[in-house]
Amino acid sequence: MGKEDESIKKELKLVPLLITLAVGVIIWFIPPPEGLDPKAWQLFAIFVATITGLIVKPLPMGAIAIMGITACALTNTLTIGQALSGFSNTTIWLIVVAFFISRGFIKTGLGARIAYLFVNKFGKKTLGLSYALLASDLVLAPAIPSNTARGGGIVYPILRSLAAAYGSNPGDGTERKIGAFLAKTAFQGTNITSAMFMTAMAANPLVITLAADVAGVEITWTGWMIAALVPGLVTLIVVPYFIYKIYPPEIKETPNASKIAAEKLEEMGALKQSEKLMLLVFVLILSLWILGSNLGINATTTALIGLSVLLLTSVLSWEDVKKETGAWDTLCWFAALVMMASFLNSLGMIPWFSETMASVVGGMSWLTAFVILALVYYYSHYFFASNTAHVSAMYAAFLAVMIAAGAPAMLAALVLAFFSSLFSSTTHYGTGPAPVFFGSGYVTQGEWWRIGFFVSLVHIVIWVFIGGAWWKVLGLW
């Protein structure tokens, strides 16, 4: 067998493909519920098969999405124009362009410089070092929509070098010196920062689109940030300290960390011209995302402005844009999922499900139904290996049922949005950065799950009670 044949065999996994196809075919031939448009049921079959494909992964996500689009057109469930309509969605292009902008942080070295600055300032103690890594993540989160690139590409390499400097290495019995604690806190921090900004995680704009399509809820970049600000900051403060108490590092003092960071900063030298321009663009787009609605500038337009400036100043080249495969991959799967979710709603599938489930929770107060549904949504992430797959499969349906039960629409949309990042705290496979941090070998699977579950309880307490009080102040309920 040649190298090309081996590559094809590695790319295509036959059993997961058969499972994906079987799921779609079985649902397709089940008679649709009475009163439901047959095309809605057909689209539902294609949608479920696509989500199954995203979970079992017979092919990469982008390829599965293209197959879903093809199935919609080939079966005449949708016209080809309707099947391709997701590519015109402005929210999709916001996240795609944000991917390009995030490349500038990595290419110029500005992202690493910011991280080392925090480590130099706050890294004299192990707990302070964890806060320094989280602060770096928080600063970078608004403009880096890939939590894998942010956590795995910027924070993790710095974490690994610091742990090695203190003789903490995976597999030799020294993991608990400092490496295990830093790996676990940095991972949990990435989940929190992903929940705090619309542009901090790839599936967040999908949430925005679904909320608008299903419930007519328009969540702005600023609205998301303000709603997440208080519970997010409280969580970022509490979670590292909580892990420090239940999973303490052996080394408590890290004076050399600041020295190592200072040496790295000295090696990097003064801010390069490209870094200055990247910093200027970062401040520009952040300001316009916050103030743009008052100026009549759309969030996607703001991202395009930032990218244009980076291209004009040669901070990024067009080759950089073409090589940003994560962005183009996101464009494909995002467009397919948004398109399907939109037509499931317009063809009546989501309203039908909402009415059906509303009768189940009809005897409860809206608050009781709201809490139960939110908890089910959170902990069902144990069954998902992707934030995107989970959001695609469940967000719209759970939002519709919450609203049907009487929950305020904006509150329901935002809580499910925040949980769509926070629920990744639970497992070592539930989000992109998880395999990076877990794969380092510092933390055993048992400890990872144990700590993750306890952190999930911290999340729920803070975001329900402190978040609930903050949202009351904001008038969301």
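## Pockets and helix pairs: worked exercises

Helix α17 gives the most to the lining of the largest pocket, with four residues. This is a predicted model, in which local features need pLDDT of at least 70, side-chain atom pairs count only at pLDDT 80 or more, and totals for chains, interfaces and linings use all residues. Residues are numbered from 1 along each chain as its sequence is written, and side-chain values use heavy atoms, leaving out hydrogens and water.

**Exercise 1.** Describe the largest pocket and its lining.

*Solution.*
- Start with the term: on a 1 Å grid over the protein atoms alone, a pocket is an open set of points where a 1.4 Å probe fits, with protein on both sides within 12 Å along at least five of seven lines, and lining residues have an atom within 4 Å of a point.
- The volume, meaning the space filled by probe spheres set on the points, is about 630 Å³.
- Of the 28 lining residues, Lys57, Met61, Asp329, Ser386 and Gly432 are the closest to the centre.
- At least two residues each come from α1 (3-11), α9 (147-165), α17 (325-346) and α20 (387-404); helices here are DSSP runs (H or I, at least four residues) numbered from the N terminus.
- Sort the lining by class: 13 nonpolar, 10 polar and five charged. Ala, Val, Leu, Ile, Met, Phe, Trp, Tyr, Cys and Pro count as nonpolar, Asp, Glu, Lys and Arg as charged, and the others, Gly among them, as polar.

**Exercise 2.** Now do the second largest pocket.

*Solution.*
- Its volume is about 390 Å³.
- Phe44, Phe47, Ala393, Met394 and Ala397 are the closest to its centre, out of 18 lining residues.
- Two or more residues each are given by α3 (38-56), α17, α18 (349-360) and α20.
- The lining has 16 nonpolar, two polar and no charged residues.

**Exercise 3.** How do α9 and α10 (residues 179-196) pack?

*Solution.*
- Their axes (lines fitted to C-alpha atoms over the stretch in contact) are compared by the angle between N-to-C directions, from 0 to 180 degrees.
- The angle is about 160 degrees, and the axes lie 10 Å apart.
- Therefore α9 is roughly antiparallel to α10 (angles over 145 degrees).
- On the α9 side, the contact (heavy atoms within 4.5 Å) includes Asn147, Arg150 and Gly151, while the α10 residues include Gly179, Leu182 and Ala183.
- By class, six residues of this contact are nonpolar, six polar and one charged.

How values were computed:
Parallel < 35°, antiparallel > 145°, perpendicular 65-115°, else oblique.
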